[in-house]
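Grab a pencil and work through these exercises with the structure open beside you. Try each task before you read its solution.

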Amino acid sequence: MVMRSVIVGCGSYLPARIVTNDELARTVDTSDEWITQRTGIRSRHIAAEGEKTSDLALKAAQAALAHGGVAVDEVDLIVLATATPDQTFPATAAKVQAALGMTRGAAFDVQAVCSGFIYALSVADNFIKAGQARTVLVIGAETFSRILDWTDRTTCVLFGDGAGAVVLRAEEGQGTSEDRGILSTHLHSDGRHHDLLYVDGGPSSTQTVGHVRMAGQEVFKHAVVNLAEVVGEALAANGLTPGDLDWLVPHQANRRIIESTGRKLKLDPSRVVMTVDHHGNTSAASIPLALCEAVTDGRIQRGELVLLEAMGGGFTWGAALVRF
Ligand SMILES: CC(C)(COP(=O)(O)OP(=O)(O)OC[C@H]1O[C@@H](n2cnc3c(N)ncnc32)[C@H](O)[C@@H]1OP(=O)(O)O)[C@@H](O)C(=O)NCCC(=O)NCCS
């Protein structure tokens with residue numbers, strides 16, 4: 001017998017305002033054609049003035065709890081992944097905890113940028129396996145629009161705002177890949193690549209928030225290699241092959257990176273969940289947003305094998321294999 005973290009509910013929230021490529025092309029030197037061809041992005045959601053990461057996270061969390069039929073007072077822990085917290089401190093997770101009316105348990109943030117949701121899921125899974133929590137809310141939420149340099153066309157066209165959440169619940173499994181729940185998680189980082197993707201500000205360095213800076217082509221090259229490696233690692237750890245997979249739910253940064261991973265796994269494109277076209281890169285929110293979309297529209301069914309993967313600043317990267 002082993003303890004498994006089963007996804008019993010998922011929910012998401014996107015700000016109302018949709019910004020198309022054409023709209024961006026009015027303020028920066030870019031075009032719908034360039035953005036679509038290079039990234040697959042056609043539009044993204046942008047948070048309203050005053051709408052904060054915790055506001056998006058709260059709505060996604062409430063939706064996930066409702067979907068799972070889980071009451072707030074059952075939740076032992078909130079793990080929230082974000083690189084765009086409301087404030088330097090306290091953790092955005094604690095603000096969500098208060099807004100949910102949750103007065104017990106613990107809440108904290110995890111910072112692994114675009115890999116944040118995989119990191120948060122891994123942390124939550126380990127709390128459940130260790131017997132320290134039975135019901136955990138895992139949230140990925142971002143207002144990346146607030147840390148973009150809107151005059152830098154090489155970055156500002158790529159990102160969007162949003163939030164997604166899942167509710168994990170401890171259930172006993174047999175310890176085989178037939179179990180429902182998280183089968184394994186695999187985390188990596190390599191801090192030597194700091195300069196390829198970072199924010200040029202922070203409390204201890206500049207006392208400002210800063211803006212995203214990225215060497216896009218370099219990040220792209222690392223992403224395809226690291227992601228191929230970590231998905232292989234996740235499958236091997238469970239004695240599975242790509243042919244066993246029902247779905248790939250990747251971090252949504254760039255259509256070409258996603259397609260590259262899908263091709264390496266020899267997955268039919270219809271088995272790869274793609275939301276980058278209408279979400280852009282929502283960093284830690286992108287995987288739960290994509291997962292939730294495919295669960296809500298009926299594509300992902302209970303019992304199916306789902307591979308999640310992401311790569312982000314740090315560099316950080318990781319994967320999780322989940323039987324839904
Ligand atoms: C950012 C990215 C889309 C750029 O695509 P690319 O094919 O590598 O393009 P390049 O950076 O080589 O730029 C090609 C040209 O387009 C120009 N360009 C860059 N952004 C542009 C934009 N928004 N609109 C129009 N032209 C643009 C560049 O200035 C360059 O022009 P030049 O050839 O005259 O110098 C791509 O590298 C990428 O997606 N990288 C990974 C990013 C990522 O996933 N980040 C998040 C990880 S979590």
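A polar contact is a pair of N or O atoms within 3.5 Å. Keep that cut-off handy, and keep in mind that you're looking at a predicted model.

**Exercise 1. Find which residues come nearest to the ligand, then look at the polar side-chain atoms.**

Step 1. Start with the shell: 23 residues surround the ligand, and the nearest are Thr 30, Arg 38, Arg 153, Gln 217 and Asn 254.

Step 2. Take Thr 30: one of its polar side-chain atoms is 2.7 Å from a ligand nitrogen. With the cut-off at 3.5 Å, that pair is a polar contact.

Step 3. Now Arg 38, where a side-chain N or O atom lies 2.7 Å from an oxygen of the ligand. Trp 34 has a side-chain N or O atom 3.2 Å from a ligand oxygen.

Step 4. Then ask how much of the ligand gets covered: on its own it exposes 960 Å², and the protein buries 74% of that.

**Exercise 2. Work out where the ligand sits and which elements surround it.**

Step 1. Look for the pocket: the ligand takes up the space of the second largest one.

Step 2. List the elements that give at least two residues to the shell: α2 (32-39), α6 (153-156), α7 (216-237), α8 (255-264) and β12 (305-312). The largest share, 4 residues, is from α7.

Step 3. Sort the shell by residue type, and you get 10 nonpolar, 9 polar and 4 charged.

Step 4. Bring in the domains. Domain 1 (2-173) and domain 2 (181-323) each supply residues to the shell, so the ligand lies between them.

**Exercise 3. Track down the cis peptide bonds at Pro 90 and Phe 315, and the positive phi at Lys 266.**

Step 1. First, some background: most peptide bonds are trans, and most residues other than glycine have a negative phi.

Step 2. Check the bond from Phe 89 to Pro 90, which is cis with omega near 0°. Pro 90 sits in the loop that runs between β4 (77-81) and α4 (92-100).

Step 3. Go on to Gly 314 and Phe 315: the bond joining them is cis as well, with omega near -10°. You'll find Phe 315 in the loop between β12 and β13 (316-323).

Step 4. Finish with Lys 266, a non-glycine residue whose phi is positive, near 55°. Its place is the loop between α8 and α9 (276-279).

Note on methods. Residues numbered from 1 in each chain as written. Predicted model: local features only at pLDDT ≥ 70, side-chain atom pairs only at ≥ 80, totals over all residues. Heavy atoms only, no water. Near = heavy atom within 4 Å. Polar contact = N/O pair within 3.5 Å; in protein donor to acceptor, adjacent residues only side chain to side chain. Areas by Shrake-Rupley, 256 points an atom, 1.4 Å probe, with all protein chains shown as cover. 1 Å grid on protein atoms, 1.4 Å probe; cavity = no way out; pocket = protein on both sides within 12 Å on 5 of 7 lines; lining within 4 Å. Sits in = over half its atoms within 2 Å of the grid points. Nonpolar A, V, L, I, M, F, W, Y, C, P; charged D, E, K, R; others polar. Domains from an automatic or database assignment.
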